[in-house]
Every structure is written in C-alpha cells, then in structure tokens.
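Please find below my notes on this entry, set out as numbered points. They take up charged pairs, then the interior, then the overall make-up of the fold.

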Amino acid sequence: MELLLNALEQGIAPAIVIALYLIIIEIIRVRKEKYQTKISTETVEAITDIQTVVNEIYNKREAENREKCKIIIDNSFNNAAFNLINFMQRTLISNHLDTNKDSVLANIHNAANSAYYTVFQTLSLYSINNGRISDYIDAHWLKEIETDLIDSIYNPSLSREDKMMGYINKITIRFQTYISYMQNKALK
C-alpha cells in the first residue's frame, strides 16, 4: 500500500502501473496457493490410498501367518502324538516289558524327549506377534508325556490291546489340549 501511495504522489500513470503490478502479484499468489492446495490434497489422497493398500496387505499377511501358525501347531503336535503311539505299539509288541524294564524306561524317556523337542524345534522356526511360537510350550508337558507312557505300558491290570487303546485315547486328548492351549496363547 505504501508503494501505491508513493506512486499517486508522482502522478496517475505510475499509480496505475503499480496498482496493476500489485493485482497481478496477488493473482499469482492466489493461484500459487490454489495449486499448492491442490497438490497437497492430491498428495494426502495418494498417501491415504497407499496406506489403505499397505494395511490390506498387512492384514492379509497377518491372517495368512495366523492360519499358517495354527496349522503348524496342529500338525507338529499330531505328528508327535502319532510317533508316540507308534513307539507304544512297537514297545508293547517287541519287548519283554518286565525283563527289559531298564531299557524300556530309558527308551520311554528318549521317546518323550524326542517328541517334545521335535515339536519345540519345529515351532521355534515360526514367529507371530514378534515372538516365537515355541515360547508358549510348557516344560511340564515333557514329564506328563513320559508319565503317560510309563503308566500305560506298565499297567498290570490291562491287556496289551487295552493298554494301547487307553494310551491312544489319553495321548489324543492330552495333545488336543496342548494344541488348543498353544493356539490360544500364540494366536491371541
């Protein structure tokens, strides 16, 4: 405004030139602000679209990881149960349980350890929610597995077939409990 007053003091022509100059500068400033606003709006929309796509990909990947972990937990425990049932069958059929009791007990301990640590090792390969799935395995399960084998094999009141069926039922129920526990803890 001061520039316009100085121009008016020197005459009308310089005042008109200065007025036009100020109007043009103002128009350029307004257009520049509109353009920047448009760019800013488009940028925000693009970033929002990118964020939406990234969130969808992340949610899809997270769901896939959860499903994969659920399957891994289920398969690893079921495989361990199958191996323990096979061990039980071979032990009942192939051994003189009373004569080879020390050897059978050592084999039971090894079979229980093998099943437990195979599951542990398999689950340690996978992680979810920034933690390994194997972190949720309870160390007491190893002792439970071993005790179930010993109690089933050395139950004198049962026949070989009853021992086998009783153990299959017991280990199936126990491992289903472990699977449920692991899936609830790891996938919460």
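1. The side chains of Arg174 and Glu144 form a salt bridge, at 3.0 Å from N to O, where a salt bridge is a side-chain nitrogen of Lys or Arg within 4 Å of a carboxyl oxygen of Asp or Glu. Because Arg174 lies in helix H5 and Glu144 in helix H4, the pair ties together parts that are 30 residues apart in sequence. Helices (H or I, at least four residues) and strands (E, at least two) are DSSP runs, numbered from the N terminus.

2. The model is a predicted one, in which local features need pLDDT of at least 70 and side-chain atom pairs count only at pLDDT 80 or more, while totals for chains, interfaces and linings use all residues. Residues are numbered from 1 along each chain as its sequence is written, and side-chain values use heavy atoms, with hydrogens and water left out.

3. Arg174 has a further partner, since Asp148 forms a salt bridge with Arg174 in which the closest N and O atoms are 2.4 Å apart. This pair, too, links distant parts of the chain, with Asp148 in helix H4 and Arg174 in helix H5, 26 residues apart. Glu144, Asp148 and Arg174 are thus linked in a network of salt bridges.

4. As to exposure within this network, Asp148 counts as buried at 5% relative accessibility, whereas Arg174 counts as partly exposed at 23% and Glu144 as partly exposed at 30%. The classes used are buried for under 20% relative accessible area, exposed for over 50%, and partly exposed in between (1.4 Å probe, protein chains only).

5. The structure holds 3 salt bridges, and one of them joins Glu62 to Arg66, with the closest N and O atoms 3.8 Å apart. Both residues lie in helix H2, 4 residues apart, about one turn of the helix. Glu62 is buried, with a relative accessible area of 18%, while Arg66 is partly exposed, with a relative accessible area of 26%.

6. What does Glu62 touch beyond its neighbours within four places in sequence? Glu62 is in contact (heavy atoms within 4.5 Å) with Ile128 and Asn129 when those neighbours are left aside. Glu62 and Asn129 are 67 residues apart in sequence, and their C-alpha atoms are 9.2 Å apart in space.

7. Lys163, in helix H5 (residues 160-186), deserves a separate remark. Lys163 is buried yet has no salt bridge, and the nearest side chain of opposite charge, Asp98, is 7.4 Å away; for this purpose Lys and Arg count as positive and Asp and Glu as negative, with His and the chain ends not counted. Leaving aside neighbours within four places in sequence, the contacts of Lys163 are Met88, Leu92, Leu97, Ser152, Ile153, Asn155 and Leu158.

8. Turning to internal space, there is 1 cavity of 30 Å³ or more, and the largest cavity holds about 40 Å³ of space. A cavity is here a set of points, on a 1 Å grid over the protein atoms alone, where a 1.4 Å probe fits but cannot get out, and lining residues have an atom within 4 Å of a point. Grid points are joined across faces, edges and corners, and a volume is the space filled by probe spheres set on the points.

9. The lining of the largest cavity consists of Phe77, Ala80, Ala115, Tyr116, Val119, Ile137, Trp141, Ile145, Phe175 and Tyr178. These divide into 10 nonpolar, no polar and no charged residues, under a scheme in which Ala, Val, Leu, Ile, Met, Phe, Trp, Tyr, Cys and Pro count as nonpolar, Asp, Glu, Lys and Arg as charged, and the others, Gly among them, as polar. Helices H2 (12-94), H3 (101-124), H4 (140-153) and H5 each supply at least two lining residues, and H3 gives the most, with 3 residues.

10. For the protein as a whole, the secondary structure comes to 5 helices and 2 strands, and the elements run α-α-α-β-β-α-α from the N terminus on. Of the 188 residues, 28% count as buried. Among contacts with a separation of 6 or more, residues 24 or more positions apart account for 75%.

Definitions and conventions:
1 Å grid on protein atoms, 1.4 Å probe; cavity = no way out; pocket = protein on both sides within 12 Å on 5 of 7 lines; lining within 4 Å.
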